Amino acid sequence: MSTSMIGLICIAFMMLLIVLRAPIALTMALIGFGGFTWIVAFDPAVSILANGPFETLSNYSFSPIPMFILMGVFASKAGMSQALFQGARTMFGSWRGGMALAAVTSCGIFSAISGSSLATAASMSRVALPEMERNGYAPTLASGVLAAGGTLGVMIPPSIALLLYALITEQSVGDMFIAGIVPGLMGLVMYGLTVAVVVTLFPKSANPGEATTLKQKIIGLKGLLPFSAVFLFIIGGIYTGWFTPTEAAAVGAGATLVIALARGMRFQQFQEAVSETLVMSAMIFFMIIGAEIFGYFLSVSRISFSLVEYVGSLNLSPYMVLLCVLVLFMLLGCVMDSIAMLLLTVPVVYPLIQAAGFDPIWFGIVAVITVELGLITPPVGMNVFVIKSVAPHISLGDMYKGVVPFVISDLLRLALIVAFPVIAVGLVY
């Protein structure tokens with residue numbers, strides 16, 4: 001039996017285990033170890049199992065991950081989500097759908113600090129959803145805008161998904177973050193336009209808010225400025241070369257801690273923040289270790305090379321190859337965490353993308369947007385279930401109806417970036 005056939009058998013078995021809800025990190029590690037043993041030998045596989053985790057965890061390149069997570073947890077403990085929503089709410093005043101626009105804006109800023117879509121959706125839903133319901137917003141719009149707004153955390157830097165993609169494909173982390181700025185802000189603007197279209201077509205879905213004076217708007221900016229300043233300082237520092245992404249993570253965590261302390265964070269909350277960071281970091285690093293062991297297996301199975309040769313024999317155009325990869329990403333993104341999905345699939349499909357001649361940084365942006373789209377796409381959509389846990393009284397049917405306009409918006413953004421790659425890489429090259 002050829003090594004590629006062994007690889008296919010192992011991958012099929014791994015997908016079966018994932019469907020059966022086995023832990024993804026453990027599944028990748030076990031299949032990687034078992035497959036390597038099958039192709040090479042038991043002793044070398046044990047050596048990888050013994051040395052791989054230490055080499056991975058001692059890799060300096062992964063050090064920004066816990067710092068970015070800590071930054072997001074500090075922001076959450078500081079009551080950032082409430083401050084952001086109230087500040088954005090005053091900015092939009094009496095506009096019809098103003099609260100939905102405020103939710104999108106605050107989700108965008110919060111996600112720029114937290115870097116996590118699920119954390120953004122959960123935090124902002126607890127603050128914004130009750131307010132929108134009290135003001136007569138339709139459940140479809142209220143839940144849909146928050147589920148979609150949460151996905152901005154995948155793209156707007158600093159993003160853990162972009163960081164991991166850069167490390168997997170050996171690209172510059174700084175370049176990936178810079179490339180994510182325009183597509184991330186583009187998503188924020190297009191979500192706002194989507195809200196405007198929805199409330200225009202369906203006026204009963206949202207009521208006008210209370211009018212606010214210029215003085216109230218200026219005061220409302222106080223809720224937006226501190227955290228916006230942290231984001232701009234981090235990205236500006238990386239773009240100008242003042243500090244590396246690793247240093248930016250530490251600077252961002254320190255700055256967010258100062259803001260949290262200024263907003264009254266107590267020592268107990270500090271302990272909780274550190275504890276949450278440790279738990280979340282351990283989960284991510286466990287997945288990275290599993291992906292590393294799985295990567296050794298992929299190398300000896302040569303399945304990626306066989307896949308490239310097979311696709312080449314089909315004489316498909318580069319964009320047809322890209323379409324197949326993106327459909328795979330979208331389907332898996334519906335049922336898997338974005339980080340786990342990238343760690344699992346990018347090592348397999350990246351050689352295909354290289355063979356097709358696409359820019360690796362541009363593809364990273366396209367891939368992450370597709371993963372982001374999967375977070376709100378029926379029949380699953382991870383973010384939808386996060387909103388459901390916060391608002392069990394809203395039916396899943398209403399939530400799925402609510403995200404449809406935002407799915408269309410994301411598809412349009414994806415099409416524009418595929419058609420005009422300069423949108424993603426214009427700031428990099």
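## Surface patch, nonpolar core and a buried aspartate

Tyr310, Leu314, Leu316, Met320, Leu323, Val327 and Leu331 together make up a nonpolar patch on the surface, with a combined accessible area of about 650 Å². The model is a predicted one, and the points below take up this patch, then the largest nonpolar core, and finally Asp410, which is buried.

**The surface patch**

- Helix 17, which spans residues 318-335, gives the most to the nonpolar patch, contributing four residues.
- Leu331, one of the patch members, is found in helix 17, and it counts as exposed because its relative accessibility is 57%, where the cut-off for exposed is over 50%.

**The nonpolar core**

- In soluble globular proteins, nonpolar side chains tend to be buried together.
- The largest nonpolar core here has 145 residues, and those that touch the most other members are Ile65, Met132, Val145, Leu146, Phe294, Trp362 and Phe363.
- Helix 11, covering residues 173-201, gives the most to this core, with 13 residues.
- When residues up to four places away in sequence are not counted, Leu146 touches Ala103, Cys107, Ala121, Met124, Ser125, Ala128, Leu129, Met132 and Ile387; among these, Met132 is also listed with Leu146 as touching the most other core members.

**A buried aspartate**

- Asp410 lies in helix 21, which runs over residues 396-419, and it is classed as buried because its relative accessible area is 1%, where buried means under 20%.
- Leaving aside neighbours within four places in sequence, Asp410 is in contact with Tyr191, Glu372, Leu373 and Ile376.

Notes
Residues numbered from 1 in each chain as written. Predicted model: local features only at pLDDT ≥ 70, side-chain atom pairs only at ≥ 80, totals over all residues. Heavy atoms only, no water. Patch = residues over 30% accessible without salt bridge, like charges linked within 9 Å, V, L, I, M, F, W, Y side chains within 5 Å. Areas by Shrake-Rupley, 256 points an atom, 1.4 Å probe, with all protein chains shown as cover. Salt bridge = Lys/Arg side-chain N within 4 Å of Asp/Glu carboxyl O. Helix = DSSP H or I, 4+ residues; strand = E, 2+ residues; numbered from the N terminus. Buried < 20%, exposed > 50% of the residue type's maximum accessible area, 1.4 Å probe, protein only. Contact = heavy atoms within 4.5 Å. Core = buried A, V, L, I, M, F, W, Y, C linked by side-chain atoms within 4.5 Å.
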